[in-house]
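Here's a set of exercises to work through with the viewer open. Try each task on your own before you read the solution.

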Amino acid sequence: MLRSIQATLRGSPSSSSRLLRRGFSSESTPDRKVAVLGAAGGIGQPLALLMKLNPFVSKLALYDIAGTPGVAADVSHINTRSEVAGYMGEEQLGKALEGSDVVIIPAGVPRKPGMTRDDLFNINAGIVKSLCTAIAKYCPNALVNMISNPVNSTVPIAAEIFKKAGTYDEKKLFGVTTLDVVRAKTFYAGKANVPVMEVNVPVVGGHAGITILPLFSQASPKANNLSDEDIKALTKRTQDGGTEVVEAKAGKGSATLSMAYAGAIFADACLKGLNGVPDVVECSFVQSSITELPFFASKVRLGKNGVEEVLGLGPLSDFEKQGLESLKPELKSSIEKGIMFANQS
Ligand SMILES: NC(=O)c1ccc[n+]([C@@H]2O[C@H](COP(=O)([O-])OP(=O)(O)OC[C@H]3O[C@@H](n4cnc5c(N)ncnc54)[C@H](O)[C@@H]3O)[C@@H](O)[C@H]2O)c1
């Protein structure tokens, strides 16, 4: 996607249309509507910008409870393909969602120093519940990219809401864990002294503290200069990456810019999958049977209907095997908390 954004920024219609044609099974670029819920927020605004730069998007709907007319007017002046519309307040949510192929949800409160992602549960669970109820009504076939924390619980909440509405399709619900992958790649490249844009590191498990498990034993390019202590430190830094930002922002929120980048990468992968681009693989927190837990983040192959295949974990080092066992109780209880919330309220 970076290359497509760079081509778009260079403003050369020929270079971007060349990019549009490359990698497609058909010559034409299908129309795709993307809705961002929480579009006036810290993540929502830069994510709206990045989605406006994405050549696969033909309609961009920006929804929030406040502030969207300004964000939409601003973003709409960018001379790229998509038509932008802002929607504000619950009475406009249906219009925002109608016809959406992908719905991205960064709505809700972020962490302050000293808070865990689970501390956000009480507020964000209710927000996610009401937004998913509307998704079930207005765009039941859309791929849902859940960014709102705690992802380990908000994804199970969404699944339960969709089940109750009779619209649940496990292939279409994704917890966005791409920021963990983005961080693991950056930190690994720095430590191993390899070119960051060539790095690949799967990150599995969930999206909070020790449930984030980067698999550095499977990282590429291989680095022979890293000790066990280095791997431990890289793992801890990836797990605490969000807290690093929360503390540096000192009360002014959590990761927004890097999250918007990660969210845009993941949405781009979903759009490519929908459009029939082969071999689109990203890590995501999805319904899964690769462990005994009902939801789990791992590599997922994306296709025309969303999840085409949930890929297995591959060979793990002893350190990663230990990490996997230690994360299961916390991840299990976060999943159960989400399911219970959705069924009680
Ligand atoms: N998945 C990840 O890796 C990741 C990373 C960083 C942050 N997050 C999460 O993303 C969420 C948003 O973070 P932020 O920094 O953008 O927060 P923010 O407070 O800056 O923005 C949130 C936006 O959501 C809007 N909102 C609140 N209730 C809404 C509703 N019912 N419908 C629509 N919009 C609503 C607010 O008006 C606000 O504009 C938080 O839950 C945060 O924890 C996730």
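**Exercise 1: the core**

Which residues touch the most other members of the largest nonpolar core?

Solution. Keep in mind that you're working with a predicted model.

Step 1. The largest nonpolar core holds 103 residues, and Val-36, Leu-62, Val-103 and Ala-158 touch the most other members.

Step 2. Now see who contributes: helix α11 (residues 257-274) supplies the largest share of this core, 11 residues.

Step 3. Then place the core: domain 1 (2-22 + 29-175) and domain 2 (178-342) both give residues to it, so the core lies between them.

Step 4. Finally, zoom in on Val-103. Leaving out residues up to four places away in sequence, Val-103 touches Ala-35, Leu-37, Leu-97, Ile-135, Cys-139, Ala-142, Val-144 and Asn-145.

**Exercise 2: helix α11**

Work out how the length of α11 compares with the expected one, and how much of α11 is buried.

Solution. Step 1. α11 has 18 residues and reaches 26 Å from its first C-alpha to its last. That's close to the 26 Å expected at 1.5 Å a residue.

Step 2. For burial, count residues: 15 of the 18 in α11 are buried, and the helix is mostly covered.

Step 3. Look past the end of the helix. Gly-276 follows α11 and has a positive phi, near 90 degrees.

**Exercise 3: two domains face to face**

Describe the side of domain 1 that touches domain 2.

Solution. Step 1. Start with the split: the protein chain is divided into domain 1 (2-22 + 29-175) and domain 2 (178-342). Taken over C-alpha atoms, the domain centres are 20 Å apart.

Step 2. Count the contacts: 45 residues of domain 1 are in contact with 41 residues of domain 2.

Step 3. List the elements on the domain 1 side. α3 (44-52), β4 (102-105), α6, β5 (143-146), α7 (151-165) and β6 (173-175) each supply at least two residues. α7 gives the most, with 10 residues.

Step 4. Sort that side by class: 26 residues are nonpolar, eight are polar and 11 are charged.

**Exercise 4: around the ligand**

Which residues come nearest to the ligand, and which helix gives the most to the shell around the ligand?

Solution. Step 1. There are 33 residues around the ligand, and Gly-38, Gly-41, Gly-42, Ala-107 and Asn-149 come nearest.

Step 2. Helix α6 (residues 121-138) gives the most to the shell, with four residues.

Step 3. By class, the shell has 18 nonpolar, 13 polar and two charged residues.

Step 4. Check the domains too: the shell draws at least three residues from each of domain 1 and domain 2.

**Exercise 5: backbone oddities**

Find where cis peptide bonds precede Pro-150 and Pro-221, then look at the positive phi values of Asn-193 and Ala-250.

Solution. Step 1. A cis peptide bond joins Asn-149 and Pro-150, with omega about -10 degrees. Pro-150 sits in the loop between β5 and α7. You've met Asn-149 already, among the residues that come nearest to the ligand.

Step 2. The bond from Ser-220 to Pro-221 is cis as well, with omega near -5 degrees. Pro-221 is in the loop between β8 (212-214) and α9.

Step 3. Asn-193 isn't a glycine, yet its phi is positive, near 60 degrees. Its home is the loop between α8 (178-192) and β7 (203-205). Asn-193 is exposed because 9 other C-beta atoms lie within 10 Å, and the cut-off for exposed is 12 or fewer.

Step 4. Ala-250 has a positive phi of about 45 degrees and lies in the loop between α10 (241-249) and α11. With 9 C-beta neighbours inside 10 Å, Ala-250 counts as exposed.

**Exercise 6: buried, partly exposed or exposed?**

Classify Thr-235 and Asn-305 by their C-beta neighbours.

Solution. Step 1. Thr-235, in helix α9 (residues 228-239), has 22 C-beta neighbours inside 10 Å, so Thr-235 counts as buried.

Step 2. Add its surroundings: Thr-235 touches Pro-214 and Phe-216, not counting residues up to four places away in sequence. Thr-235 and Glu-320 are 85 residues apart in sequence and 9.6 Å apart in space, C-alpha to C-alpha.

Step 3. Asn-305 is in the loop between β10 (295-303) and β11 (306-310). With 13 other C-beta atoms within 10 Å, Asn-305 is partly exposed.

Definitions and conventions: Residues numbered from 1 in each chain as written. Predicted model: local features only at pLDDT ≥ 70, side-chain atom pairs only at ≥ 80, totals over all residues. Core = buried A, V, L, I, M, F, W, Y, C linked by C-beta atoms within 7 Å. Buried ≥ 20, exposed ≤ 12 C-beta atoms within 10 Å, placed from the backbone. Domains from an automatic or database assignment. Contact = placed C-beta atoms within 7 Å. Near = placed C-beta within 6 Å. Nonpolar A, V, L, I, M, F, W, Y, C, P; charged D, E, K, R; others polar. Expected span 1.5 Å × (residues − 1).
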